[in-house]
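Here are some short exercises to work through with the sequence and the structure side by side. Try each task yourself before you read its solution.

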Amino acid sequence: MLMWKLAFRNIFRQRRRSILTALSMTGGYVLCVLSFSMTEGSYSNVIKIFTEDHTGDIQIHSEDYLTRPKIHKNIDDNAAVERVLNQSEFVRSYTKRVFSPGLAYAGNESTPVKIVGVDPDLESNTSRLADKVKQGVYFNNQPNDDGYFKAMIGVRAATSLQLNIGDELILISQGADGSIANDIYIIGAIVGSRSSWDSSTVYLPLNSAHDFLTLHGKSHQYALALNDSADVIAATQSIQAQLPAFSVSPWMVVEETFYKTMQADKEGNLFGLFIIVFIVFIGVLNTVLMSVLERTHEFGVLKAIGSRPATITVMILLETTLLAFLSVVVGILLAIPIIYWFANVGIAMPEPVDVGGIAFQHMKGEFSLQVFLLPMLFILSFAIVVAILPGIRAARVLPTEAMRG
Amino acid sequence: MVKIQRLVLPLIFLFPGALCAESVPNNSATDVIKLIDDMEELYRGDASKAEITMRVETPYYKRSMKMESINLGTEKAFIRILSPKKERGVSTLKIDKEMWNYLPKINKVIKVPPSLMMGSWMGSDFTNDDLVKQTTLTEEYNLELAETDDTYIIDLTPRAQTVTVWGRIEYTISKADRIPLSQGFYDDKGDLIRSLVFKDPKMFQGRLIPSVMEMIPLNKEGHKTVIVYDALDFSPSGVNDSIFSLRNLRKRF
């Protein structure tokens, strides 16, 4: 207790110097929190966009379909998968899909497309597909009176084929049995925007896509939306344990390239913060060294009356850490309103940015415990590191020499 | 791959008449070019009509199709799938080196582009190219004849300017029956890549012809295409140029 008291008093002995030092640490802290909140915020936004838009939080495939898709690598036991998913406490909803590259014809135009078969009802509960319909109406599982199924098409493909709602679309692909898959569909809706990831995709109702590709009811993918996206790892492990025959992948694996880029970017960002804090703490180091030098005489006295060297080191550490902690507390008080505004209102962008067909008006930060805690740990650990050297110096003081000076 | 397969399909698939080798000279050991030329001359026989069953086996699926094949000379061929129902009416027309597929469900004729020539024909181990190319083996390959007691073995190695994926083709012909027994396709390293085996010789209108062909790609484990001749008619009625037209290709049947 005495140590705390001493440390506290020592801080306020040189009030002006302490306040200036504290200010630089507060500034460093607020800067860290801001930058951290912004990266976390914009990345969680992007993650939210694509997991909600199409990837889901978790995907289930057969074998290595994810990295080497082949039409015959399909999930042959729908019942088992759906039983597990229906019982899982993590899963909010799921959808199943088939994929195949194909060639689309309309009139005299043709273009390569990605054919995706989805169950209309499951899909609208799991992904944003239904919200992305720009023209026409969301499709269903039923053929029309002439026996043709409805298809939905991405904007880019629709434009290059000059297709409108109600037009005929001819699709050609290869069936799972090696046959030439070919059929006519009616355009029921145009989805997304030109920059959507699925602007060259044709969506078919799942039952029709199964027939088209001769897949006999087997699907390539289950995409899962979770009740809480934060549980993604636990949910993946739980479902994988119950479905050992299939590959269960969280979005970090599905969007591996993005995930790795994000990790690298975050690391880079952290390094940037490290440099800022480093510079701040060179100043702090200077302050601590100065105060130790000024008090050489005192340390000599302390040692002469029997203080152990370790006590002196701990005191210096305590002083610096305490100062750092106070700065952080002030920093938190300053940062809370800023981050709160940043997370809820955000910086309005001069032009909305279109991400996968969804327009973003504001750049937003993240308001969470870790946004405040991590920079705090950063500052406190730096404070300790910086104080060690002067602390040791103070502890090594020889009483005779110190008092003589 | 291209040029060699010319041997394969024209031989068996499109021009089955050619398989009977009555005119192969008995002293062919002395003139291997003439042996092959003679066989090719035979392949350019008159018109023929065949009913064929093609079975495709892969590790992932098995599939069987019945089809009708009509040929006129080497240049023209018309193939129509009779079953299964899902693919009934899918047709292929070949005129010289061009090829079209007709898909009745979407009523569309699709010309097979050069980029798809090496693609599989109807999901089989034969390529589109196998159907289209004409054989000029004697021009593009150096031929070397070896003989065993009952077979001729002709070793074909590509000439310097020949564009091919094969390093060597080994073509075995039965001496007694004058019918092909097998063709082996080797790559540059001397590994066997594709093997075509002729089996079950049967008499079709007085000609002995292997009624079963098995194409086995050795670089694709578990893959096999078997073609069985169910019927073969060397003097079909009504086979004329009008069959080999885009208009006929498009005709519903």
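**Exercise 1. How far apart are the C-alpha centres of domain 1 and domain 2 of chain A?**

Solution. This is a predicted model, so every value here is computed from its atoms. Begin by finding the two parts: the domain assignment gives domain 1 of chain A as 2-51 + 259-404, and domain 2 as 63-245. Then compare their C-alpha centres, which lie 50 Å apart.

**Exercise 2. Work out what span helix α12 of chain A should have, and check it against the model.**

Solution. Step one: α12(A) covers residues 369-395, which is 27 residues. Step two: take 1.5 Å times one less than the number of residues; the expected span is 39 Å. Step three: the end C-alpha atoms of α12(A) are 38 Å apart, which agrees with the expected span.

Now follow the helix along its length. At Ile388(A), α12(A) has a kink of about 35°. Shortly after this residue comes the proline Pro390(A).

**Exercise 3. Decide how α11, α9 and α2 of chain A are each oriented relative to α12(A).**

Solution. Two packed helices are described by the angle between their axes and the distance between the axes. Take the partners one by one.

- Helix α11(A), residues 309-344, has an axis that comes within 8 Å of that of α12(A), and the two cross at roughly 155°. An angle over 145 degrees counts as roughly antiparallel, so α11(A) is roughly antiparallel to α12(A). In this contact there are 24 nonpolar, four polar and no charged residues.
- Helix α9(A), residues 256-294, and α12(A) have axes that come within 9 Å and cross at roughly 30°. Angles under 35 degrees count as roughly parallel, so α9(A) is roughly parallel to α12(A).
- Helix α2(A), residues 15-55, packs against α12(A) at an angle of about 140°, with the axes 9 Å apart. These two helices are therefore oblique to each other.

For the handedness, look at each pair again: α11(A) passes α12(A) in a right-handed crossing, α9(A) passes α12(A) in a right-handed crossing, and α2(A) does so in a right-handed crossing too.

**Exercise 4. What is the backbone geometry at Gln162(A), and what is the peptide bond from Ser83(B) to Pro84(B), cis or trans?**

Solution. Start from the general rule: most residues other than glycine have a negative phi, and most peptide bonds are trans. Next, locate Gln162(A) in the loop between α5 (155-160) and β6 (168-174) of chain A. Phi of Gln162(A) is near 50°, a positive value.

Finally, turn to chain B, where Pro84(B) sits in the loop between β3 (76-83) and β4 (91-95). The peptide bond from Ser83(B) to Pro84(B) has omega near 5° and is cis.

Technical notes
Residues are numbered from 1 along each chain as its sequence is written. Chains are lettered from A and ligands numbered from 1 in the order in which they are written. This is a predicted model: local features need pLDDT of at least 70, side-chain atom pairs count only at pLDDT 80 or more; totals for chains, interfaces and linings use all residues. Domain bounds come from an automatic or database domain assignment. Helices (H or I, at least four residues) and strands (E, at least two) are DSSP runs, numbered from the N terminus. The bend at a residue is the angle between axes fitted to the seven residues ending there and the seven starting there. Axes are lines fitted to C-alpha atoms, for helices over the stretch in contact, and angles run from 0 to 180 degrees between N-to-C directions. Angles under 35 degrees count as roughly parallel, over 145 as roughly antiparallel, 65 to 115 as roughly perpendicular and the rest as oblique. A crossing is left-handed if the near helix is turned anticlockwise from the far one by less than a right angle, and right-handed if clockwise. Ala, Val, Leu, Ile, Met, Phe, Trp, Tyr, Cys and Pro count as nonpolar, Asp, Glu, Lys and Arg as charged, and the others, Gly among them, as polar.
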